[in-house]
Amino acid sequence: MNILEFRTAKEQRRRLAMVTCYDFWSAKILNETAVDMILVGDSGAMVMHGYEDTIPATVDMMCAHIAAVRRGAPKKFIVGDVPFLANRSDLATNMGCARRLMQAGAHALKIEGYDGNGEFIHHLVQSGVPVMGHLGLTPQSVHALGGFRVQGRGQEPGRKILQQARGLEEAGCFALVLECVPGELAAEITSTLNISTIGIGAGVHCDGQVLVLHDLLGLNQGFKTKFLRQYMNGAEQIHAAVENYCRDVLSSAFPGESETYE
Ligand code: KIV
């Protein structure tokens, strides 16, 4: 997938599949799958580093993850998240952060929210950096939103998100993540915009979907939410595999003769 193919996909109504990834070996596996693009999300602060939210993510942290994913998935289009407040200083400082994230290996950057981001997004796009927007539940604003909760319910909040989506398209975004908004609102935004919408907890009418890899693999056992579909029970399977290994070591069943040098 390259940037030009997003428009074709929208025109042809071909759905886009995106997953998050933060490390080299997972990226190597994803490189051989049908996923259209990989998001090196700031959710890595939670998934890989154990923080409660994405606020501790830094440009340094994001660069390390982006570089590892790029090495593992050279065939995939990689979107890197601009972490907490790295887009909220003066333009020169913001551009410095963007430069580092792109030079780490991202093909595009994702920026949360609309208000106050217009100039930076416009400048990035004019500078040759593809930008993906992100509206609805924007986790970097979790404290302002009063928690991780559905956004855009009701006429006025829905109208505001639709307006912001139009603003992001005008600013030059090539795609837009819609997180935890009612399905009807996501459908309206998707049919209104000429750019692709990528939903997470936003229903089936978005142009594409994104999930956190560890959630869809069932590795994050405590995390159950309405929009999540688990495609395997990864935590249980890994637990069972390591228990079997321990059993074999304790009973001297491992290593066997074929696993031993002569
Ligand atoms: O950081 C992230 O993983 C994200 C997705 C959940 C959209 O922003």
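A crossing of two helices is right-handed if the near helix is turned clockwise from the far one by less than a right angle, and left-handed if anticlockwise. Helix 4 passes helix 5 in just that right-handed way. Before going on, keep in mind that this is a predicted model, where local features need pLDDT of at least 70, side-chain atom pairs count only at pLDDT 80 or more, and totals for chains, interfaces and linings use all residues. Residues are numbered from 1 along each chain as its sequence is written, and side-chain values use heavy atoms, with hydrogens and water left out.

Back to that pair. Helices here are DSSP runs (H or I, at least four residues), as are strands (E, at least two), numbered from the N terminus. Helix 4 covers residues 59–72 and helix 5 residues 91–103; their axes come within 8 Å and cross at roughly 20 degrees. Axes are lines fitted to C-alpha atoms, for helices over the stretch in contact, with angles from 0 to 180 degrees between N-to-C directions. Helices 4 and 5 are therefore roughly parallel (under 35 degrees; over 145 is roughly antiparallel, 65 to 115 roughly perpendicular, the rest oblique). Touching (heavy atoms within 4.5 Å) are Val-59, Asp-60, Met-62, Cys-63 and Ile-66 from helix 4, and Cys-97, Arg-100 and Leu-101 from helix 5. That makes 6 nonpolar, no polar and 2 charged residues (nonpolar: Ala, Val, Leu, Ile, Met, Phe, Trp, Tyr, Cys, Pro; charged: Asp, Glu, Lys, Arg; polar: the others, Gly among them).

Helix 5 also meets helix 6 (residues 118–126): the axes come within 11 Å and cross at roughly 50 degrees, which makes helix 5 oblique to helix 6. Leu-91, Asn-94, Met-95 and Ala-98 of helix 5 meet Glu-119, Phe-120, His-123 and Leu-124 of helix 6.

Now for the pockets. A pocket is an open set of points on a 1 Å grid over the protein atoms alone, where a 1.4 Å probe fits, with protein on both sides within 12 Å along at least five of seven lines; lining residues have an atom within 4 Å of a point. The largest has 36 lining residues, with Glu-179, Cys-180, Ile-200, Phe-223 and Phe-227 nearest its centre. Its lining splits into 17 nonpolar, 10 polar and 9 charged residues.

The second largest pocket has 26 lining residues, and Val-19, Val-35, Leu-213, Leu-216 and Tyr-231 sit nearest its centre. Here the lining counts 18 nonpolar, 7 polar and 1 charged.
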